[in-house]
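Thanks for coming. I will go through one model this morning, starting with a ligand site and then taking the chains in turn.

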Amino acid sequence: MTTPTPILRVENLTTSFRTDDGVVTAVDDVSFNVWPGESLAIVGESGCGKTVTSKSVMRLLPEYTSMIAPESKILFGGVDLAHADERTMRSIRGAKIAMIFQEPMTSLNPVFTVGWQLDEALRYHTSLSRKGRRERAIEMLRLVEIPNPEQRVDEYPHQLSGGMRQRVMIAIALCCEPDILVADEPTTALDVTIQAQILHLMEDLKKKLNTAVMLITHDLGVVAQVCDRVIVMYAGRVIEKGTVREIFHSPQHPYTKALLDSIPKAGRREHGKRLPTIEGIVPSLDDLPEGCRFEARCPLAEKRCADEEPDIVPHAFTERPVRCHFPLNQT
Amino acid sequence: MSLIRVDNMVKHFPVRGGVLNRIVGKVHAVNGVSFRIDEGEVLGVVGESGCGKSTLGKLIIRLIESTSGEVHYDGTEITHLGHNDMLPFRRRMQIVFQDPYSSLNPRLTVNALLKEAIVFHSIVPPSEVESHIDKLMAKVGLRPDQKNRFPHEFSGGQRQRIGIARALALNPDFIVADEPVSALDVSIQAQVLNLMMDLKDELGLTLLFISHDLKVIEHFCDRVLVMYLGYVVEEMNCLDIHGEARHPYTQALLGANPVNDPDEDRELTVLEGDVPSPFSPPKGCPFVTRCPLVESRCHEEMPPLVEKTKGHRVACWAVE
Ligand SMILES: Nc1ncnc2c1ncn2[C@@H]1O[C@H](COP(=O)(O)OP(=O)(O)OP(=O)(O)O)[C@@H](O)[C@H]1O
Ligand SMILES: Nc1ncnc2c1ncn2[C@@H]1O[C@H](COP(=O)(O)OP(=O)(O)O)[C@@H](O)[C@H]1O
Ligand code: SF4
Ligand code: SF4
Ligand SMILES: [Mg+2]
Ligand SMILES: [Mg+2]
């Protein structure tokens, strides 16, 4: 028996941007693994570095203003994507690691038909004939439950609803049977009933094709519904990792707990009560504090927190990684 | 006492097309909606994108004119009032918009934004305008010394507070809050919801609270209207919504909302298809194309919104 190994290992990923206000580090020393067939969530509020993390993995960041630190590693199939050349990336992107984005209209090309866009991926990454590719395109549309795929394949993106466009994106992403699907807020722009359709579809396809999913979202409800493991980010840092149960039932970082508490609970009859809040806002990347990045908003902050940033280390009891001097559940 | 009574509100937007730009049809945005809001009450409106929530909110305060229907505000029918007769009502009815980024004039400082309306409506004597603005800023949790800044210098949550301050500047008694927290992160969303709850209690405001998020509606509102394709399909007390919702669409909305609990091993309710276009709504019940309970009658006739139990109205043939 072979021990399972992660298909993707991200080690000490640090991604910075040159801006008018100097260099800002959007993702700071982030490490995580993706295991075959799992759903990994990356959660956090806007601006905490989720998208930059996923775009670093895909190497889709602006060429001249962004940089990945030399010590960062993104290991996939024996290649370090962090420092791979564009030719290598092109053979991996779309074929072995595929990505879907938040706004399906902007990521589909409006002047080409759905079929043409599916064909583009198939032409590049498979050796199928033209006829074979068209059949495969229709088959993919059927797989993502688009009604009348024979007809839809020749339609343009604007002729489809938002939910259907997201399905087409998923079809394109999955047509080469990638090992990993990176989904950055795939349902955020959609209504809840359409979101439910897409989440259901993604779970279904994951089971059928055994694709690992890296799901990036700010919606903890979505995470609870579909993910196995969770990474919580705050201001460019990973602050806690765990299984979805661990994160929801025994959060260790004060931010994770506060975030969970601040969501209105469905059906819990807390109607009319004030919500627990996190005072203040996320610090700006060009003005990060010396110490813990959550210090200004943290109810548990002590003197040490302002002076010294905690490392991400195993919790004294649970051994689950947390970045806090005074984590919860100490007894 | 009802502060507001809306009777049979209808709004059809003309759609133009073709080379001659003739009217080729109409969007049925709001289709005969009636309800009341009591003084001091928060009435929620929930439904998916395009179902007519914002249109309804704007119709009530006459930011847009209705196709037909009446709005009785504190005993006066206001849809027929002329400009001058409408002015006092304009002061009393305010709106907070969804998008804190685009709803504030970027060229005006916060001070200028707030001053405009206060001076126009002579809310306080000129000598007290500045102190009124300071008080407003403090009330919504902003530092009065920041009032000479421009909107872009504030964060999303702070901008939404400015939007709320602007709505409160005229001492209104009714506010339409159109998705006031939808564009905000959860932790900021909680801050703004708490602020609105405090202000409502302190100032005795009446609110129409629009949201596509049932969790937020449940938390914040007393009663809720569920809209679909321009119709109210269910109206009920918010506390009852989990046990008592009867309309198949309300139940689908509840079931499609992920719960923040990984142990709740619940499959999401998955409705087939999309919301039909309001340009060509289906015949009969608006929900007929997606409803799991559909029967033949549903294709023929629109079910009326009828009271099933006290305060609970449902529009569905399948509900006894
Ligand atoms: N000025 C207009 N001209 C034409 N159609 C309009 C206009 N304003 C709204 N509509 C249409 O009326 C319908 C209802 O729109 P409305 O903005 O009220 O929806 P909503 O429920 O607020 O949606 P959302 O959740 O996306 O804000 C939609 O089909 C919309 O496209
Ligand atoms: N191309 C860029 N140039 C400069 N800064 C950027 C760029 N892309 C993202 N950032 C900054 O990096 C931080 C993280 O962004 P992002 O990963 O998009 O956040 P999110 O977690 O919301 O996806 C933000 O402060 C953002 O402003
Ligand atoms: S290190 Fe201190 S400030 Fe930071 S999260 Fe922990 S207790 Fe709070
Ligand atoms: S009237 Fe018919 S189609 Fe409409 S909601 Fe009821 S059962 Fe469904
Ligand atoms: Mg993002
Ligand atoms: Mg709206």
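Ligand 4 is surrounded by B:His247, B:Pro248, B:Cys285, B:Phe287, B:Val288, B:Cys291, B:Leu293, B:Cys298, B:Pro303, B:Cys316, B:Trp317 and B:Ala318. A residue is listed as near the ligand if one of its heavy atoms lies within 4 Å of it. By class, that shell holds 11 nonpolar residues, one polar residue and no charged ones. The classes are these: Ala, Val, Leu, Ile, Met, Phe, Trp, Tyr, Cys and Pro count as nonpolar, Asp, Glu, Lys and Arg as charged, and the others, Gly among them, as polar.

Before going further, the conventions. This is a predicted model, in which local features need pLDDT of at least 70 and side-chain atom pairs count only at pLDDT 80 or more, while totals for chains, interfaces and linings use all residues. Residues are numbered from 1 along each chain as its sequence is written, chains are lettered from A and ligands numbered from 1 in the order in which they are written, and side-chain values use heavy atoms, with hydrogens and water left out.

Now chain B as a whole. Chain B has 10 helices and 12 strands; helices (H or I, at least four residues) and strands (E, at least two) are DSSP runs, numbered from the N terminus. Its radius of gyration is 21 Å, close to the 20 Å that the globule rule gives for 320 residues, so chain B is as compact as a globular protein of that length. That radius is taken over C-alpha atoms, and the rule is 2.2 Å times the number of residues to the power 0.38. Along the principal axes, the C-alpha trace of chain B spans about 70 × 55 × 45 Å.

Of the 320 residues in chain B, 54% are buried. Buried means under 20% relative accessible area, exposed over 50%, and partly exposed in between, with a 1.4 Å probe and protein chains only. Among contacts in chain B between residues at least 6 apart in sequence, 62% join residues at least 24 apart, a contact being heavy atoms within 4.5 Å. The accessible surface of chain B is about 13,800 Å², with 49% of it belonging to carbon and sulfur atoms. Those areas come from the Shrake-Rupley method with a 1.4 Å probe; for residues, only the protein chains shown count as cover.

One residue to look at in chain B is B:Tyr228, in strand 9 (residues 223-228). Is B:Tyr228 buried or exposed? At 1% relative accessibility, B:Tyr228 counts as buried. Leaving aside residues up to four places away in sequence, B:Tyr228 touches ten listed partners, including B:Glu48, B:Cys51, B:Tyr249, B:Asp274 and B:Arg290. Another of the residues it touches is B:Phe287, which is also one of the residues around ligand 4. The C-alpha atoms of B:Tyr228 and B:Lys53 are 9.3 Å apart, with their positions 175 residues apart along the chain.

On to chain A. Its secondary structure comes to 12 helices and 13 strands. The radius of gyration of chain A is 21 Å, close to the 20 Å from the globule rule for 331 residues, so chain A is as compact as a globular protein of that length. Of those 331 residues, 53% count as buried. Chain A exposes about 15,100 Å², and carbon and sulfur atoms supply 51% of that.

Helix 1 (residues 50-58) of chain A is mostly covered, with seven of its nine residues buried. A:Lys55 is found in this helix and is partly exposed, at 26% relative accessibility. Apart from residues up to four places away in sequence, A:Lys55 touches A:Leu60, A:Leu61, A:Met99 and A:Phe101.

Helix 8 (residues 192-209) of chain A has 18 residues and should span 26 Å at 1.5 Å a residue; its end C-alpha atoms are 25 Å apart, which agrees. The expected span is 1.5 Å times one less than the number of residues.

Last, backbone angles. Most residues other than glycine have a negative phi. Just after helix 1 of chain A, A:Arg59 takes a positive phi of about 55°, and A:Asn210, which follows helix 8 of chain A, has a positive phi near 55°. A:Asn148 has a positive phi of about 50° and lies in the loop between helix 5 (130-143) and helix 6 (149-152) of chain A. In chain B, B:Asn171 has a positive phi of about 50°, in the loop between helix 5 (156-168) and strand 7 (174-178). A:Asn148 is partly exposed, at 45% relative accessible area, and B:Asn171 is partly exposed at 44%.
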